[in-house]
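User: I'd like to go through this structure with you and hear the reasoning behind the labels. Could you show it first?

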Amino acid sequence: MRVLAIYGSPRKEGNTARMLDAALSEFPSKAQIERVYLSELNFSECGPCRQCKTTGNCVIDDDMQQVFEKMLWAEIIVFGSPSQFSDVSVDIKKLMERTWWMKGQLKNKIGGYVISGRRYMESTLNTLHAFMLRHRMILGGSGALGFTFSEMGNLDNDPLAIRDSHNTGRRLVELYEFIYSDKN
Ligand SMILES: Cc1cc2nc3c(=O)[nH]c(=O)nc-3n(C[C@H](O)[C@H](O)[C@H](O)COP(=O)(O)O)c2cc1C
């Protein structure tokens with residue numbers, strides 16, 4: 001079971017990371033888990049140079065190349081994003097744009113997500129759904145939303161945030177076992 005967790009918040013130990021860690025804690029010990037903290041990487045948005053149309057790869061030589069490798073390696077990809085101005089974080093959005101060249105290569109990977117925010121998180125959720133569905137990924141579960149209720153609030157204000165994150169992790173494992181049952 002190969003799992004990639006993409007931490008999309010500027011805060012490495014913030015609310016989003018807490019939720020993503022809770023989801024990951026549900027994976028069995030045999031799972032290989034790779035963690036990527038986008039805030040620690042240097043990468044740009046899509047050019048758009050459109051060279052991928054001829055090369056079949058993204059030609060921008062920056063840290064996103066190592067994320068691409070991990071995305072192709074993973075069987076399950078779990079995103080964690082704060083809601084920022086009613087959408088995913090800038091880093092998650094940049095990552096999404098940069099995967100444009102990957103057409104078809106994420107197909108049938110299982111995708112999951114956790115989101116933390118003050119309250120307006122619907123568009124964030126829609127962006128993540130659209131990303132996974134456009135890549136023909138399998139959307140695993142309804143994700144987890146953690147409400148902080150105030151600008152710099154924390155998840156302790158929402159008793160369901162961590163519970164739903166655990167449920168998200170459990171559902172991803174369940175779906176994996178259903179799909180890959182011959183490998184278990
Ligand atoms: C620039 C910025 C914009 C934000 N915009 C929203 C928003 O539109 N909707 C929302 O619910 N929360 C918004 N928030 C609040 C964060 O999503 C919330 O504090 C979140 O839990 C932060 O996650 P973190 O602790 O992982 O950084 C915003 C925060 C920042 C810094």
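User: Why is Arg 136 called partly exposed?

Analyst: Happy to walk through it, and note that this is a predicted model. Arg 136 has 13 C-beta neighbours inside 10 Å. A residue needs 20 or more to be buried and 12 or fewer to be exposed. The value of 13 falls in between, so Arg 136 counts as partly exposed. Arg 136 sits in the loop between α5 and β5 (138-139).

User: What about the backbone of Arg 136: what is its phi?

Analyst: Phi of Arg 136 is near 60°. That is a positive value in a residue other than glycine. Phe 149 is a further case, with phi near 65°. Phe 149 lies in the loop between β6 (144-147) and α6 (159-179).

User: How do you know whether Phe 149 is buried or exposed?

Analyst: Count the C-beta atoms again: Phe 149 has 12 others within 10 Å. The cut-off for exposed is 12 or fewer, so Phe 149 is exposed. Ala 130 can be handled in the same spirit. Ala 130 has 11 C-beta neighbours inside 10 Å and therefore counts as exposed. Ala 130 belongs to helix α5 (residues 122-134).

User: What makes the peptide bond from Gly 47 to Pro 48 stand out?

Analyst: The bond is cis, with omega near -5°. As for its setting, Pro 48 is in the loop between β2 (32-37) and α2 (52-55).

User: Let's zoom out. How many helices and strands does the protein chain have, and in what order do the elements run?

Analyst: There are six helices and six strands. Starting at the N terminus, the order is β-α-β-α-α-β-α-β-α-β-β-α.

User: Why is the protein chain called as compact as a globular protein of its length?

Analyst: Set the two numbers side by side. The radius of gyration is 16 Å, and the globule rule gives 16 Å for 184 residues, so the chain is as compact as a globular protein of that length. Along the principal axes, its C-alpha atoms fill a box of roughly 50 × 45 × 25 Å. Of the 184 residues, 39% count as buried. Residues 24 or more positions apart make up 78% of the contacts with a separation of 6 or more.

User: What makes α1 mostly covered?

Analyst: Nine of the ten residues in α1 are buried. Among them are Asn 15, Arg 18, Met 19 and Leu 24. The cover over these buried residues includes β1, β2, β3 (76-82), β4, β6 and α6.

User: And how do you know that β1 is mostly covered as well?

Analyst: Strand β1 (residues 2-7) has six residues, and five of them are buried. β1 is also joined to β2 by six bridges, and the two run parallel. At one position, Arg 2 stands opposite Gln 32 in β2.

User: Why do you say that both faces of β6 are covered?

Analyst: Look at the residues on each side. Ala 144 and Gly 146 on one side are buried, as are Leu 145 and Phe 147 on the other. β6 runs parallel to β4, with four bridges between them. Ser 116 has Gly 146 in β6 as its bridge partner.

User: Which residues touch the most other members of the largest nonpolar core?

Analyst: That core has 42 residues, and Ala 5, Met 19, Leu 20, Ala 23, Ile 76, Ile 77 and Val 78 touch the most other members. Helix α1 (residues 15-24) provides the largest share, six residues. Leaving out residues up to four places away in sequence, Ile 77 touches Leu 4, Ile 6, Met 71, Lys 109 and Gly 111. In soluble globular proteins, nonpolar side chains tend to be buried together.

User: Finally, which residues come nearest to the ligand, and what is the shell around the ligand made of?

Analyst: Of the 20 residues around the ligand, Ser 9, Gly 14, Thr 16, Pro 82 and Gly 117 come nearest. Two elements, α1 and β4 (110-117), give two or more residues to the shell. The largest share, three residues, comes from α1. By class, the shell has six nonpolar, ten polar and four charged residues.

Technical notes:
Residues numbered from 1 in each chain as written. Predicted model: local features only at pLDDT ≥ 70, side-chain atom pairs only at ≥ 80, totals over all residues. Core = buried A, V, L, I, M, F, W, Y, C linked by C-beta atoms within 7 Å. Contact = placed C-beta atoms within 7 Å. Near = placed C-beta within 6 Å. Nonpolar A, V, L, I, M, F, W, Y, C, P; charged D, E, K, R; others polar. Rg over C-alpha atoms; globule rule 2.2 N^0.38 Å. Pairing = 2+ DSSP bridges.
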